[in-house]
Amino acid sequence: MIDLRLIREQPEQVRAAIATLNTQAPIDEILATDTRRRALLTEVEALKAERNEGSKLVKGAKDPAERQSLIDNLRLLGENIQRLDDEARATDAALHDLLLQVPNLPAKGVPVGPDESGNVVVSEHGTKRVFDFPPKPHWEIAERLGIIDFDRGVKVAGSRNYVLRGDGARLQRALITWMLDLHTREHGYTEVYPPYLVLGEMLVGTGNLPKFSETLFHDAEEDKWLIPTAEVPVTNLYREEILDEGQLPIYHVAYTPCFRREQLSGGREVRGIKRGYQFDKVEMVKFVHPDTSDEEHRRLLRDAEKVLQALELPYRLLQICTGDLSFTAANKVDLETWAAGTEEWLEVSSCSTFRDFQARRANIRFRPAGGGKPQFVHTLNGSGLALPRTMISIIEHYQREDGTVEIPSVLQPYLGGQSVIEPQPPIGPARVASQQSVVGGRVT
RNA sequence: GGAGAGGUGGCCGAGCGGUUUAAGGCGGCUGUCUUGAAAACAGUUGGGCGAAAGCCCCGGGGGUUCGAAUCCCUCCCUCUCCGCCA
């Protein structure tokens with residue numbers, strides 16, 4: 001949510017900013033509703049002041065007849081107050097609903113562009129591997145190795161689902177643990193494990209609701225929503241709170257699955273594990289002092305880049321232009337890594353700053369150290385990273401001619417020193433290193 | 001899920017229709033005193049809307065009343081016991 005005062009005092013600037021976003025906002029309606037709301041408030045508050053005075057007179061009135069006549073007058077007043085109050089409340093609610101539909105305004109320096117074609121490649125890092133054999137797409141490699149089972153995923157959960165198996169599942173688990181360790185040990189984040197099923201208000205806070213309900217999974221019975229990203233529960237951790245300035249900045253990192261209802265068409269765009277209804281992600285979320293938020297955004301980006309650097313994968317930074325900016329972001333830079341097999345750039349991270357947009361919606365504030373009015377914090381977040389696409393890049397980049405896949409050295413300690421993913425054993429009883437049987441009752 | 005108890009200011013805790021425009025205590029801040037600190041004493045102490053006057057906020061929402069923290073309805077949450085359960 002942007003500041004109502006800004007719309008009230010500089011409507012033309014707001015209109016101009018929104019015009020660059022390739023979207024629309026009900027600015028005229030907001031201005032009219034705001035004027036109306038303020039008029040109603042002035043009127044009803046004057047009446048309430050009158051009633052408060054009148055009530056004191058009733059209390060002091062000893063003569064029953066005089067008392068009764070005072071009460072009769074006040075009853076009339078009360079009816080007017082009731083009517084105006086209802087109207088004021090309805091107007092206020094309408095205004096709030098309208099404000100929720102206004103997108104965040106782009107930060108200074110965000111390039112103006114009509115849509116994704118206006119995005120700017122800022123820099124490219126690492127080098128794309130040159131193969132002395134034709135590299136394969138990850139689905140071919142993974143299926144042959146037996147680390148991803150597409151058919152059974154679809155059987156169990158419908159289209160766009162897959163099952164990681166054996167070293168495929170282990171690779172993802174190693175990546176998650178390693179990423180969490182990296183961000184907590186080297187970048188100063190505190191790990192949290194949040195709920196995956198949240199109240200609707202949380203999604204209003206982050207800006208997913210009310211506009212984008214069609215992209216979310218919702219349980220109508222309990223009225224709870226599956227999170228589309230850890231950003232939702234983690235950003236809302238401090239909602240309705242007034243933090244001390246000294247507590248800022250707060251850095252959190254969380255691993256969660258993410259659930260997204262997407263209208264997926266068949267074909268190349270959805271081949272493999274690039275896009276699904278469910279995927280895992282390690283997410284970084286920051287709560288910072290407004291003065292530091294630009295610097296914090298740069299640091300967030302560096303923290304995400306570090307993951308790709310350590311994995312030794314080629315990547316590039318993509319500055320998102322105004323026309324491609326999401327509803328909530330003031331500025332956004334994507335990290336894309338190269339998929340050597342399908343020869344395309346894959347978005348593995350979006351590092352966004354929301355300034356006070358989410359903080360306003362979720363009412364997250366801090367009290368300045370010197371005292372004074374609470375102010376909204378700035379929130380930022382970025383993936384660090386999304387798992388499936390990181391897996392794709394690893395599998396395709398580190399593939400060998402014989403169909404096996406090298407494991408990036410930084411991950412090897414997380415896989416018991418293993419350095420290569422070999423074909424998985426066929427379905428059947430797994431071999432166990434030491435054949436000690438489980439004793440003493442069932443393991444549940 | 002069932003039965004009972006309860007949700008009041010940063011915390012504890014009174015209040016049960018009108019001196020509450022929320023007592024009292026603790027904590028915090030400021031001052032006096034002190035070399036400094038403690039103690040003592042005095043003052044102060046949340047949020048929202050509004051240019052201001054003022055209005056609103058006692059878990060959320062609704063109602064009764066001239067007037068509600070106080071009465072009624074409803075929802076949510078916490079605690080205790082029971083049931084179920086990784």
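A residue counts as buried when its relative accessible area is under 20%, as exposed when that area is over 50%, and as partly exposed in between. The legends below use these words for a model that is predicted.

**Figure 1. Leu21, in the loop between helix 2 (11–19) and helix 3.** With a relative accessibility of 7%, Leu21 falls under the 20% cut-off and therefore counts as buried. Once its neighbours within four places in sequence are set aside, the residues in contact with Leu21 are Pro103, Asn104, Pro106, Thr322, Gly323 and Leu325. Val122, by comparison, stands 101 residues from Leu21 in sequence, and the C-alpha atoms of these two residues are 20 Å apart in space.

**Figure 2. The protein surface near RNA strand B.** There are 23 residues around RNA strand B, and those that come nearest are Arg8, Glu45, Lys59, Arg75 and Arg367. Of the atoms of RNA strand B that come within 4 Å of the protein, 77% belong to sugar and phosphate. Sorted by class, the residues of this surface comprise 14 charged, 6 nonpolar and 3 polar ones.

**Figure 3. Side chains that meet the backbone of RNA strand B, among them those of Arg365, Arg38 and Ser55.** In the side chain of Arg365, an N or O atom is 2.9 Å from a phosphate oxygen of RNA strand B, while a polar side-chain atom of Arg38 lies 3.2 Å from a phosphate oxygen of the strand. Ser55 has a polar side-chain atom that lies 3.5 Å from a sugar or linking oxygen of RNA strand B. Two or more residues of the surface near RNA strand B come from each of helix 1 (4–9), helix 3 (27–60), helix 4 (64–99) and strand 14 (364–367). Helix 3 gives the most to this surface, with 11 residues.

**Figure 4. Glu143 in helix 5 (residues 138–145) and the start of helix 6 (residues 150–157).** Because its relative accessibility is 40%, Glu143 counts as partly exposed. Residues up to four places away in sequence not being counted, Glu143 touches Ile148 and Phe150. Pro423 is 280 residues from Glu143 along the chain, yet the C-alpha atoms of the two are separated by 9.5 Å. At the start of helix 6, a side-chain oxygen of Asp149 reaches to within 3.3 Å of the backbone nitrogen of Asp151, and just after this helix Gly158 takes a positive phi of about 90°.

**Figure 5. Gln358, a residue of helix 11 (residues 357–362).** Gln358 is buried, because its relative accessible area is 0%. Its side chain makes a polar contact of 2.8 Å with the side chain of Glu231. Apart from neighbours within four places in sequence, Gln358 is in contact with Gly205, Thr206, Glu231, Thr235, Asn363 and Thr379.

**Figure 6. Glu283, a residue of strand 10 (residues 278–288).** The relative accessible area of Glu283 is 3%, so this residue is buried. A polar contact of 2.7 Å joins the side chain of Glu283 to that of Lys281. Beyond its neighbours within four places in sequence, Glu283 is in contact with Thr229, Ala230, Glu231, His252, Val253 and Ala254, and also with Asn381, Gly382, Ser383 and Gly384. Glu231 therefore appears in this view as well as in that of Gln358, since it is among the contacts of Glu283 and among those of Gln358.

**Figure 7. Helix 10 (residues 293–311) and the residue that follows.** The 19 residues of helix 10 reach 28 Å from the first C-alpha to the last, which is close to the 27 Å expected at 1.5 Å a residue. The buried residues of this helix are Ser293, Glu296, His297, Leu300, Leu301, Asp303, Ala304, Glu305, Val307, Leu308 and Leu311. An α-helix has 3.6 residues a turn, so residues three or four places apart point the same way. Just after helix 10, Glu312 takes a positive phi of about 60°.

**Figure 8. Cys258 and Cys321, cysteines in no disulfide.** A disulfide is a covalent bond between the sulfur atoms of two cysteines. With a cut-off of 2.5 Å between cysteine sulfur atoms, the count of disulfides comes to 0. For Cys258, the nearest cysteine sulfur is that of Cys351, 15 Å away. For Cys321, the nearest cysteine sulfur also belongs to Cys351, and is 17 Å away. Cys258 is buried, because its relative accessible area is 0%, and Cys321, at 0% relative accessibility, counts as buried too.

Methods
Residues are numbered from 1 along each chain as its sequence is written. Chains are lettered from A and ligands numbered from 1 in the order in which they are written. This is a predicted model: local features need pLDDT of at least 70, side-chain atom pairs count only at pLDDT 80 or more; totals for chains, interfaces and linings use all residues. Side-chain values use heavy atoms; hydrogens and water are left out. A residue is near a molecule or strand if one of its heavy atoms lies within 4 Å of it. A polar contact is a pair of N or O atoms within 3.5 Å; within protein, one must be able to donate a hydrogen and the other to accept it, and residues adjacent in sequence count only if both atoms are side-chain atoms. Helices (H or I, at least four residues) and strands (E, at least two) are DSSP runs, numbered from the N terminus. Ala, Val, Leu, Ile, Met, Phe, Trp, Tyr, Cys and Pro count as nonpolar, Asp, Glu, Lys and Arg as charged, and the others, Gly among them, as polar. Buried means under 20% relative accessible area, exposed over 50%, partly exposed in between (1.4 Å probe, protein chains only). Contact means heavy atoms within 4.5 Å. The expected span of a helix is 1.5 Å times one less than its number of residues.
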